[in-house]
Amino acid sequence: MNYSFEYIDIILLAMIAGFIFLRLRGILGKRTGFEGKAPEQFKEVLKNIKIEPQKKSNNIFDEQAQKEFIKGAKIAYETIITDFSDNDNKITNSKPLLDNEVYKQFSEALKERDSRGHYAEITFIGVNKAEIKEHKKSGNILNVTVNFIGEVITCIRDKDKKIISGDPEKIKKIYDTWVFSRDTTSQNPNWRLVSILT
């Protein structure tokens, strides 16, 4: 009779041990797959795999750069128009924004206007639209063509203040296509007006 109780104890202990083993296996997991040293062929395959580094974008005039450019182009447009059309017949504020050739053309036009005794009056209303028509890179030089639609009130008067052209009471729309340029290798971030197409 005592022997039967011993057998029952052994069976119960075996069942408890089995239960504990299954629980530990479920919690800790089991080793699967190959876990020894990698064969030589596999090592060679790993050596031949080349991970390509992520290439940096070469597009220095991406969408974000274009948005920033347009903001600056609007300010430059107003500065240049106002400076050219004010009554002192001199280029002052906008000189750093102009290419040498454009500055020369503006100065000559203003000298001619001054020699006739004429001067301009202008009120710049604003830029209705400024959009990039195209941009081209030639070597290190990036040229950007911009279409502007602006509004101004302007007139030309003679030395007796008589109106020669324009209307000091009327808002006029102006349409311009300008080309700005900069050297992309230069530390100077400023653009210059290099051409007026219309």
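# Pockets and rings: worked exercises

The second largest pocket has a volume of about 200 Å³, and this is a predicted model. Let's work through a few exercises.

**Exercise 1.** Find which residues line the second largest pocket, and which element gives the largest share of them.

*Solution.* Start with the list: the lining is made up of Glu68, Phe69, Gly72, Ala73, Ile75, Ala76, Thr79, Leu97, Phe180, Pro189, Asn190 and Trp191. Next, sort by element: α3 gives the largest share, with seven residues. Finally, sort by class: you get eight nonpolar residues, three polar and one charged.

**Exercise 2.** Decide whether phenylalanine 69 and phenylalanine 180 are buried or exposed.

*Solution.* The cut-off you need is this: buried means under 20% relative accessible area. Phenylalanine 69 has 6% relative accessibility, so it counts as buried. Phenylalanine 180 comes in at 3%, so that residue counts as buried too.

**Exercise 3.** Work out how phenylalanine 69 pairs with other aromatic rings.

*Solution.* The structure holds 11 aromatic pairs. Take phenylalanine 61 with phenylalanine 69: their centres are 5.7 Å apart, with 75 degrees between the planes. Planes over 60 degrees apart count as edge-to-face, so this pair is edge-to-face. Phenylalanine 61 is buried, just like phenylalanine 69.

Now take phenylalanine 69 with phenylalanine 180: here it's 5.9 Å centre to centre and 80 degrees between the planes, again edge-to-face. This pair links distant parts of the chain, since phenylalanine 69 sits in helix α3 and phenylalanine 180 in strand β4, 111 residues apart.

Last step: zoom out to the cluster. Phe61, Phe69 and Phe180 belong to one aromatic cluster along with Tyr77, Phe124, Phe148, Trp178 and Trp191.

**Exercise 4.** Find which arginine lies over the face of tryptophan 191, and which over phenylalanine 84.

*Solution.* Begin at tryptophan 191, part of the lining from Exercise 1. Arginine 182 lies over its face, at 5.9 Å from the ring centre. Then go to phenylalanine 84: arginine 113 lies over that ring's face, at 5.6 Å from the centre.

**Exercise 5.** Describe the largest pocket: what is its volume, and what lines it?

*Solution.* First, the volume is about 500 Å³. Second, 22 residues line this pocket, and those nearest its centre are Phe84, Ser85, Thr154, Lys172 and Ile174. Third, the elements giving two or more residues to the lining are α3, α4, β1, β2, β3 and β4. Fourth, the lining splits into 13 nonpolar, four polar and five charged residues.

Notes. Residues are numbered from 1 along each chain as its sequence is written. This is a predicted model: local features need pLDDT of at least 70, side-chain atom pairs count only at pLDDT 80 or more; totals for chains, interfaces and linings use all residues. Side-chain values use heavy atoms; hydrogens and water are left out. On a 1 Å grid over the protein atoms alone, a cavity is a set of points where a 1.4 Å probe fits but cannot get out, and a pocket is an open set with protein on both sides within 12 Å along at least five of seven lines; lining residues have an atom within 4 Å of a point. Grid points are joined across faces, edges and corners, and a volume is the space filled by probe spheres set on the points. Helices (H or I, at least four residues) and strands (E, at least two) are DSSP runs, numbered from the N terminus. Ala, Val, Leu, Ile, Met, Phe, Trp, Tyr, Cys and Pro count as nonpolar, Asp, Glu, Lys and Arg as charged, and the others, Gly among them, as polar. Rings of Phe, Tyr and Trp (its six-membered ring) pair if their centres lie within 6.5 Å; planes under 30 degrees apart count as stacked, over 60 as edge-to-face and the rest as tilted. Buried means under 20% relative accessible area, exposed over 50%, partly exposed in between (1.4 Å probe, protein chains only). A charge sits over a ring if NZ of Lys or CZ of Arg is within 6 Å of the ring centre and within 35 degrees of the ring normal.
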